[in-house]
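Work through the exercises below with the model open beside you. Try each task before reading its solution.

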Amino acid sequence: MQRKEETAGAEDIVIVGAGIAGLATALGLHRKGVRSLVLESSPALRSSGFAFTTWKNAFRALDALGVGDRIRNQHLQAQALHVISSSTGKTVQEMDLTVKGKRGPHEVRCVRRDLLLEALAEDLPPDTIRYSSKIVSIEEDGSVKLLQLADGSVLRAKVEGVLIGCDGINSVAAKWLGLAKPSSSGRSAVRGLAHYPDGHGFQPNFLQFVGQYGFRFGMMPCNENDMYWFFTWSPSGNDKPGGADESAAAMKQFVLSKFRGSNMPAEALAVIERSDVLASPLRFRSPLSLVAANISKSTVCVAGDALHPMTPDLGQGGCSALEDGVTLARCLGEAILGGGGAENQKRIEAGLRKYAGIRRWRSVELIATAYVLGFVQQSRNAVLSFLRDRFLSGVLARRLLKMADYDCGTL
């Protein structure tokens, strides 16, 4: 059967993936007057993961994109972080989440993914996002790139055309660039969202439970009606749910079973009971592999989880994707708006290299810090647990704010 081909013009920018990084990049380019096409594999916007902790650095990016206040109006601002020992039930660390940093007061909210993606997509021109368009491979044919889609069609983009991979942890674009495959962290996570039509009654605080049981649990309100939570642990043997197809009820019972013998408050267990949940293994890209990796090559680059998959212990996965989007839109937009002519491709390649230079070390630091925090917070080692509960909890908590005290700049 002859495959269907479609040609994209030389000025076109193709973004693979309508997740946080993809939509942030597309909206940033649109704000600068540059058109892009976003290819999304799903038939509609996806909001897997339910919600994510959104720190001050992410709100700087959202403000640059023009949607910050819209997100603020839909979500509560967290006032404090309480780190609680799951073995004793006692608070081992409290931290003000509105404290002033080097770049002004901190701001932390638990943002629902669906509301964020909708806000980013709503401000894009019609037909920017093309759904049910999954790229399975990238090939080169002389002066053009061939983007093979799952339905058998082929998108032909001339060599000057830009391809931005925002296609997640199993990125086709990252594979084409030769980035190292993500590694298993040896840990897994269950995430949940509980809806309370009449209000949940929880204070706007971020609660984290750590301890000798080898797991980490956190919960935080998104708004007056929605409570988000996460549970991470290190599986061993049969100590895991049955996988992605496991029923929500079975996964919830698995999480609840891990709390037997602990001092988890009853209200936290009640949130788990009424939640929609999903489970997934936690993977990350080796930070050392990014030191000399090709984040960009010719007119191809990656952003978001395609660039820096990390464990969720810093709460910076979605935040850093927003940073990527603003930085990439600025660097690429300035290159494209610099004029056409024979030097156009050279300017675009230079713009992408500039983006890669900015994001390389930030990505390395985020991935490495998240991994170390997760290891310390979830360790079963008696000595490390003692040090963590009595001395290290404050250091780890302050590290969260330090990594969020970052400014990706404006468009």
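**Exercise 1. List what Arg 399 touches, leaving aside its neighbours within four places in sequence.**

Solution. Step one: apply the contact rule, heavy atoms within 4.5 Å. Arg 399 is then in contact with Leu 314, Glu 365, Thr 369 and Leu 373. Step two: place the residue. Arg 399 sits in helix α10 (residues 382-404); helices here are DSSP runs of H or I with at least four residues, strands are E runs of at least two, and both are numbered from the N terminus. Step three: check a distance. Ala 370 is 29 residues from Arg 399 in sequence, and their C-alpha atoms are 9.8 Å apart. Step four: classify exposure. Buried means under 20% relative accessible area, exposed means over 50%, and partly exposed lies in between (1.4 Å probe, protein chains only). Arg 399 counts as partly exposed because its relative accessibility is 25%.

Two notes on the source apply throughout. The model is predicted: local features need pLDDT of at least 70, side-chain atom pairs count only at pLDDT 80 or more, and totals for chains, interfaces and linings use all residues. Residues are numbered from 1 along each chain as its sequence is written, and side-chain values use heavy atoms, with hydrogens and water left out.

**Exercise 2. Summarise the protein chain in totals.**

Solution. Count the elements: 10 helices and 21 strands. Take burial next: 56% of the 411 residues count as buried. Then take the surface. The accessible area is about 17100 Å², and 50% of it belongs to carbon and sulfur atoms. The method is Shrake-Rupley with a 1.4 Å probe; for residues, only the protein chains shown count as cover. Finish with contacts: among those with a separation of 6 or more, 75% join residues 24 or more positions apart.

**Exercise 3. Describe how α1 and α2 each pack on α8.**

Solution. Axes are lines fitted to C-alpha atoms, for helices over the stretch in contact; angles run from 0 to 180 degrees between N-to-C directions. Start with α2 (residues 56-65) and α8 (residues 317-336): the angle is about 35° and the axes are 8 Å apart. Asn 57, Ala 58, Ala 61, Leu 62, Ala 64 and Leu 65 of α2 meet Cys 319, Leu 322, Glu 323 and Val 326 of α8. Now take α1 (residues 20-31) and α8: the angle is about 30°, with axes 8 Å apart. The α1 side of this contact includes Ala 21, Ala 24 and Gly 28; the α8 side includes Leu 322, Gly 325 and Ala 329. Last, assign handedness. A crossing is left-handed if the near helix is turned anticlockwise from the far one by less than a right angle, and right-handed if clockwise. The α2 crossing with α8 is left-handed; that of α1 with α8 is right-handed.

**Exercise 4. Which salt bridges does Arg 359 form with Glu 323 and Asp 324, and where do the partners lie?**

Solution. The rule: a side-chain nitrogen of Lys or Arg within 4 Å of a carboxyl oxygen of Asp or Glu. Glu 323 pairs with Arg 359, with the closest N and O atoms 2.8 Å apart. Glu 323 is in α8 and Arg 359 in α9 (residues 344-378), 36 residues apart. Asp 324 also meets Arg 359, at 2.5 Å, N to O. Asp 324 lies in α8 and Arg 359 in α9, so this pair ties together parts 35 residues apart in sequence. Now check burial. Glu 323 counts as buried because its relative accessibility is 0%. Arg 359 and Asp 324 are buried too. By this rule the full count is 20 salt bridges.

**Exercise 5. Which signs of phi do Asp 127 and Ser 132 have, and where do these residues sit?**

Solution. Recall the background: most residues other than glycine have a negative phi. Asp 127 has a positive phi of about 70°. Asp 127 lies in the loop between α4 and β10, and is exposed because its relative accessible area is 70%. Ser 132 also has a positive phi, about 55°. Its loop runs between β10 and β11 (135-141). Ser 132 is partly exposed, at 47% relative accessible area.
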